[in-house]
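Subject: Structure handover

Hello,

Here is the structure I promised to pass on. Please open it and keep it beside this email as you read.

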Amino acid sequence: MNMIPNYIPKIPVATERAIQAGIIRRGQLAHVYVAHDDWCDLLAGKGPCNCNPDVQVRPDGPEKLN
Ligand SMILES: [Zn+2]
């Protein structure tokens, strides 16, 4: 079994995407949101993540309004 959860390799990809999109700045504290599919074993407490979760990186602090 792969010991590295399958959302971990997605984090640098999602981070770079957020930087390029202007959502965060490089070096800024940010949050990583991992959204699992409803049927994921992790959510059911049956074992490690076995879905293809959506990974998003968002800035720290309150959301800014335009
Ligand atoms: Zn999952």
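Below are the basics, then the overall picture, then some single residues.

**Basics**

Residues are numbered from 1 along each chain as its sequence is written. This is a predicted model, so local features need pLDDT of at least 70, side-chain atom pairs count only at pLDDT 80 or more, and totals for chains, interfaces and linings use all residues.

The term pLDDT is the predictor's confidence in each residue, from 0 to 100. The protein chain averages a pLDDT of 90. At least 70 is reached by 91% of the residues. Among the elements, helix α1 has the highest mean pLDDT, 97. Helix α2 (residues 41-44) has the lowest, 95.

**Overall picture**

The protein chain has two helices and two strands. Both kinds of element are DSSP runs, numbered from the N terminus: helices are H or I with at least four residues, strands are E with at least two. Along the sequence, the pattern is α-β-α-β.

How does the protein chain's radius of gyration of 14 Å stand against that of a compact globule of 66 residues? Such a globule would have one near 11 Å. The radius is taken over C-alpha atoms, and the globule rule is 2.2 Å times the number of residues to the power 0.38. Along the principal axes, the C-alpha atoms fill a box of roughly 40 × 20 × 15 Å.

How much of the protein chain is buried? Buried residues are 6% of the 66. A residue is buried if 20 or more other C-beta atoms lie within 10 Å of its own, exposed if 12 or fewer, and partly exposed in between; C-beta atoms are placed from the backbone.

Now contacts. Two residues are in contact if their C-beta atoms, placed from the backbone, lie within 7 Å. Take the contacts with a separation of 6 or more: 53% of them join residues 24 or more positions apart.

**The strands**

Strand β1 covers residues 30-35, and strand β2 covers residues 54-59. The two run antiparallel and are joined by six bridges. Strands pair if DSSP finds at least two bridges between them. In this pairing, V32 stands opposite V57 in β2. Strand β1 is hardly covered: zero of its six residues are buried.

**Single residues**

- Start with P12, in helix α1 (residues 10-20). P12 counts as exposed because it has 11 C-beta neighbours inside 10 Å. P12 and V55 are 43 residues apart in sequence, yet their C-alpha atoms are 9.9 Å apart.
- L29 sits in the loop between α1 and β1. Is L29 buried or exposed? L29 is exposed, because it has 8 C-beta neighbours inside 10 Å. L29 and R58 are 29 residues apart in sequence and 9.1 Å apart from C-alpha to C-alpha.
- C51 is in the loop between α2 and β2. With 16 other C-beta atoms within 10 Å, C51 is partly exposed. Which residues does C51 contact, leaving aside neighbours within four places in sequence? They are H36, D37, W39 and C40. From C-alpha to C-alpha, C51 and D41 are 7.8 Å apart, with their positions 10 residues apart in sequence.
- Last comes Q56, in strand β2. Q56 is partly exposed because it has 15 other C-beta atoms within 10 Å. Q56 touches A14 and Y33, not counting residues up to four places away. The C-alpha atoms of Q56 and R17 are separated by 9.0 Å, and the two residues are 39 apart along the chain.

Best wishes
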